[in-house]
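Visitor: I should be grateful for a close look at one part of this structure, namely the packing of helices in one chain. Please continue from there to the enclosed space within the model.

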Amino acid sequence: MIPFDYQRADDADSAVATVTGHPQAQFLGGGTNLVDHMKLGVADPELLVDISRLPLDEVTELDDGGLRIGATVRNSDLAAHPLIRRRYPVLAEALLAGASGQLRNMATTGGNLLQRTRCVYFQDVTMACNKREPGSGCAALEGYTRYHAILGASDGCVAVHPSDMAVAMAALDATVVVLGAAGERRIPLAEFHRLPGSEPQRDTVLEHGELITAVDLPASTPRRQAYRKVRDRASYAFALVSVAAVVKVDAAEGEPCITDARIALGGVAHKPWRASRAEETLSGAAPSVESFRRAAEAELEQADPLGDNGFKIPMVRNTMVAVLADLTGVEPEAVA
Amino acid sequence: MDQNITLYVDGNRRPVTVDTRTTLLDALRDRLDVTSPKKGCDHGQCGACTVLLNGRRVTSCLVLAVAYDGADVTTAAGLGSDDELHPVQQAFLDRDGFQCGYCTPGQICSAVGMMEEAERGSPSHVSANLNDPVELTDEEIRERMSGNLCRCGAYVNIVAAIRQAADPEAEQIRQARAERQRNEPVLREDDAPTSYQVSVSGEEGR
């Protein structure tokens with residue numbers, strides 16, 4: 001680890017000004033990812049501006065009925081918050097599916113969104129990685145790709161975003177509130193993370209010095225919500241694939257029909273993947289295993305698996321069908 | 001780049017000068033001779049360094065000491081005294097919840113923090129209902145303790161120890177029942193008169 005200066009931020013504005021004015025400065029939140037990267041040599045900031053004690057640790061109700069989650073609310077506190085558990089269970093479930101009890105006590109909401117890929121080639125400074133060192137190549141393309149992307153990857157990067165929380169937030173149509181030197185801006189969560197393209201070093205659309213201050217959740221969210229994560233161990237492992245779904249079923253006209261479906265996928269792309277093709281297919285459809293399977297297949301037509309991760313295609317399809325069946329009360333017949 | 005900080009470790013005021021790069025774990029072990037938390041992976045994956053930081057369990061290897069000036073740190077060594085062990089410590093002894101002991105201080109701090117989280121009603125990944133009070137079943141204990149690895153594989157007894165600490169009476173009844181079952185006569189293979197087929201006829205006799 002290279003030597004660095006440490007400052008505790010007095011307020012959000014001065015924290016933003018300090019980091020904006022120093023190209024090698026970074027914000028420090030819970031530190032669970034950044035401190036680890038500093039040990040590994042993946043990150044080498046010259047200045048850390050600690051924002052973990054700023055008064056951004058509250059969950060508050062918005063005037064429009066939505067909810068504001070402060071950027072420094074810890075993952076464990078967010079998962080246990082009564083309003084999250086009652087109104088946004090998909091978010092509580094996603095948070096509880098991530099990391100360990102200790103890490104959830106440390107990790108912040110803003111930091112969770114900004115955590116970086118767990119691609120082993122990214123985390124090993126002896127390997128070529130366009131994300132860590134632009135232009136150096138991608139060792140994963142010639143390596144072991146079981147954990148890599150099947151959607152939206154580029155020739156330069158096949159890494160996946162590791163967050164569970166962000167997948168649920170994508171399905172909830174959350175908005176990221178960001179403070180920069182020029183003031184505040186609001187970014188829809190689905191547009192916050194990027195696909196790798198030719199700039200895999202950029203995980204998000206944030207500019208240097210911009211600080212996440214909150215995540216807003218909209219009011220009037222359908223109550224049928226679920227998060228399901230498939231992984232190599234029963235606990236404490238990153239997703240192979242995950243599905244967050246928020247669904248509304250209307251039965252007023254007789255036959256039940258899906259009037260609102262929001263689905264996001266984890267473990268499959270460089271960002272939480274909003275499954276908009278599946279959503280379009282489901283819109284107006286009667287809930288059935290067949291319609292769920294058609295929706296999943298519509299989404300997965302664009303999948304482009306690598307050498308070791310073709311299994312993710314049926315795994316996403318089956319998980320999506322199972323989650324939707326569960327949410328709509330459809331008998332989940334054996335899925336091929 | 002040194003900074004002066006003060007930690008309150010197991011009830012003792014401990015001023016210390018640390019390089020900004022120093023983790024809480026290294027500050028405790030190398031600077032303050034508090035060696036109860038252990039360094040395992042040093043990447044937050046094994047849980048051996050778990051302490052209670054301002055009352056909450058964290059992996060101290062991922063915490064920068066400078067960021068916690070003024071904080072309360074409780075290690076496993078500070079949970080009880082030689083005369084009176086903490087109930088979780090006593091339960092690990094009673095239930096033989098360790099073999100080599102390296103992960104034990106982290107397991108114990110994690111268990112204490114976890115039981116407090118459960119007491120507050122915090123749900124887990126395996127909770128059937130997010131809003132119900134928490135009952136620390138074996139499944140709940142295993143899920144909530146998944147951030148603490150034990151290379152000796154003492155998990156069965158670690159779960160039993162935490163079960164005992166969480167509900168001593170229920171565990172006492174459970175152990176008494178298990179003891180009775182162990183003492184019941186069992187038909188062994190070498191007791192069988194003629195053929196193995198007689199003695200391996202099913203699970204009921206065991």
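Guide: In this predicted model, helix H3(B) packs against helix H5 of chain B, residues 155-166, at an angle of about 40°, and the two axes lie 11 Å apart. H3(B) and H5(B) are therefore oblique to each other, since an angle of this value falls outside the ranges that count as roughly parallel (under 35 degrees) or roughly perpendicular (65 to 115). Their crossing is right-handed. On the side of H3(B), the contact is made by Gln107(B), Ala111(B), Met114(B) and Met115(B); H5(B) contributes Ile158(B), Ile162(B), Ala165(B) and Ala166(B). Classified by residue type, this contact comprises seven nonpolar residues, one polar residue and no charged residues.

H3(B), which spans residues 104-119, also packs against helix H2 of chain B, residues 87-94. Here the angle is about 125°, with the axes 10 Å apart. H2(B) and H3(B) are therefore likewise oblique to each other, and the crossing of this pair is right-handed. From H2(B), the residues that meet H3(B) are Val88(B), Gln89(B) and Phe92(B). They face Thr104(B), Gln107(B), Ile108(B), Ala111(B), Val112(B) and Met115(B) in H3(B). The residues of this contact divide into six nonpolar, three polar and no charged. Gln107(B), Ala111(B) and Met115(B) of H3(B) take part in the contact with H2(B) and also in the contact with H5(B).

The enclosed space may now be considered. The structure contains four cavities of 30 Å³ or more, and the largest of them has a volume of about 170 Å³. This cavity is lined by 16 residues, of which Ser76(A), Arg104(A), Glu117(B), Ser122(B) and Pro123(B) are the closest to its centre. Two or more lining residues come from each of helix H3 (75-80) of chain A, helix H6 (101-106) of chain A and strand E4 (56-59) of chain B. H3(A) gives the most to this lining, with four residues. In the lining of the largest cavity, seven residues are charged, five polar and four nonpolar, whereas no charged residue belongs to the contact of H2(B) with H3(B) or to that of H3(B) with H5(B).

Note on methods: Residues are numbered from 1 along each chain as its sequence is written. Chains are lettered from A and ligands numbered from 1 in the order in which they are written. This is a predicted model: local features need pLDDT of at least 70, side-chain atom pairs count only at pLDDT 80 or more; totals for chains, interfaces and linings use all residues. Side-chain values use heavy atoms; hydrogens and water are left out. Axes are lines fitted to C-alpha atoms, for helices over the stretch in contact, and angles run from 0 to 180 degrees between N-to-C directions. Angles under 35 degrees count as roughly parallel, over 145 as roughly antiparallel, 65 to 115 as roughly perpendicular and the rest as oblique. A crossing is left-handed if the near helix is turned anticlockwise from the far one by less than a right angle, and right-handed if clockwise. Contact means heavy atoms within 4.5 Å. Ala, Val, Leu, Ile, Met, Phe, Trp, Tyr, Cys and Pro count as nonpolar, Asp, Glu, Lys and Arg as charged, and the others, Gly among them, as polar. On a 1 Å grid over the protein atoms alone, a cavity is a set of points where a 1.4 Å probe fits but cannot get out, and a pocket is an open set with protein on both sides within 12 Å along at least five of seven lines; lining residues have an atom within 4 Å of a point. Grid points are joined across faces, edges and corners, and a volume is the space filled by probe spheres set on the points.
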